[in-house]
Amino acid sequence: MRLLTLAFLICATGLSPSAFGQPPRTVSIAAAANFVYALDALHAELERTAPDLTLIVTTGASGSLFAQIAHGAPFDVFLSADTDYPERAIAAGLAPATSLRTFATGRLVLWTTRTDLDVTDIAGAVRFTAVKKIALAQPKTAPYGRAAQAALMRLGAWPAAQSKIVFGESITQTAQFVETANADAGFVALSVVLSPRLAQRGRWAEVPPELYAPITLDHAAVLTNRGAKNPAAQRYLDFLNSNAAKKILHDFGYGVK
């Protein structure tokens, strides 16, 4: 009866469990879209070891998520496809510097579902006259799109690509363009094409990292100021550094330390 009364008081007053000395167990996560498939596996593992946590996930381009945080979106954890946006969050006073950590490195690939397209020759694929549409995540907000643009410029293929490019708002939408044949090929995250849903679709070739250096796809996590006050968010951040999480990330093609 006492527990029922306590639950009623929480609902009736709108007070959180922490107001009664109980730590919050909900974590709101803003995650770069390249994580969309890996997060399913990561969270399944976390649920196995910490079933008391409730995870709320929003995915999108890293820059778009940063803008939401800057405008007060109630996220606890920010998982970015680069280190730049988390560092900008820290510089803007939106996140504590002590929580910043790089936990994975992404890999960029050129992917197609066409059988007549050789993606191992990146510049040749872009210039191929039969290729009418090439999908690319918006470089202004998506680190993978920024890396793809840099690679095309390094290859001297950017002028040929510009008239063919269709921009996705995120890596997820970019992959959808290729999957649905609305683009002949697209630059996406390796984690996307290794996902259980897409692993048997089409062919891909990795874009050598030196083609988009000094841009890196080091993925960083940071707690927001709100998350820094949430012990459950710290538990989530610690989980990302666990051996179990590292194995899952490795299986999805990420580099881990």
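This report describes helix H6, two helix pairs and the residue Gln138 in a predicted model.

## Helix H6

Helix H6 comprises 12 residues, from 143 to 154. The distance from its first C-alpha to its last is 16 Å, close to the 16 Å expected at 1.5 Å a residue.

Within H6, the buried residues include a run at the start of the helix, namely Pro143, Tyr144 and Gly145. Ala147, Ala148, Ala150, Ala151 and Leu152 of H6 are buried as well. Following H6 is Gly156, which has a positive phi near 75°.

## Packing of H2 and H11

Two packed helices are described by the angle between their axes and the distance between the axes. For helix H2 (residues 36–49) and helix H11 (residues 231–240), the axes come within 11 Å and the crossing angle is roughly 115°. Because angles of 65 to 115 degrees count as roughly perpendicular, H2 is placed roughly perpendicular to H11. The crossing of H2 past H11 is right-handed.

On the H2 side, the contact is formed by Leu39, Leu42, His43, Glu45 and Leu46. H11 contributes Tyr236, Phe239 and Leu240. Sorted by class, the residues of this contact between H2 and H11 are six nonpolar, one polar and one charged.

## Packing of H3 and H4

The second pair consists of helix H3 (residues 62–70) and helix H4 (residues 84–91), whose axes come within 10 Å and cross at roughly 15°. Since angles under 35 degrees count as roughly parallel, H3 and H4 are roughly parallel to each other. The H3 and H4 crossing is right-handed.

Three residues of H3, Ser62, Gly63 and Phe66, meet Tyr85, Arg88 and Ala89 of H4. The contact of H3 with H4 holds three nonpolar residues, two polar residues and one charged residue.

## The environment of Gln138

Gln138 lies in the loop that runs between strand S6 (134–137) and H6. Its relative accessibility is 23%, so Gln138 counts as partly exposed; the class covers values between the 20% limit for buried residues and the 50% limit for exposed ones.

When neighbours within four places in sequence are left aside, Gln138 is in contact with Phe167 and Gly168. Pro74 is 64 residues from Gln138 along the chain, and the C-alpha atoms of these two residues are separated by 24 Å.

Key. Residues numbered from 1 in each chain as written. Predicted model: local features only at pLDDT ≥ 70, side-chain atom pairs only at ≥ 80, totals over all residues. Heavy atoms only, no water. Helix = DSSP H or I, 4+ residues; strand = E, 2+ residues; numbered from the N terminus. Expected span 1.5 Å × (residues − 1). Buried < 20%, exposed > 50% of the residue type's maximum accessible area, 1.4 Å probe, protein only. Axes fitted to C-alpha atoms, helices over the stretch in contact; angles between N-to-C directions. Parallel < 35°, antiparallel > 145°, perpendicular 65-115°, else oblique. Left-handed = near helix turned anticlockwise from the far one by under 90°. Contact = heavy atoms within 4.5 Å. Nonpolar A, V, L, I, M, F, W, Y, C, P; charged D, E, K, R; others polar.
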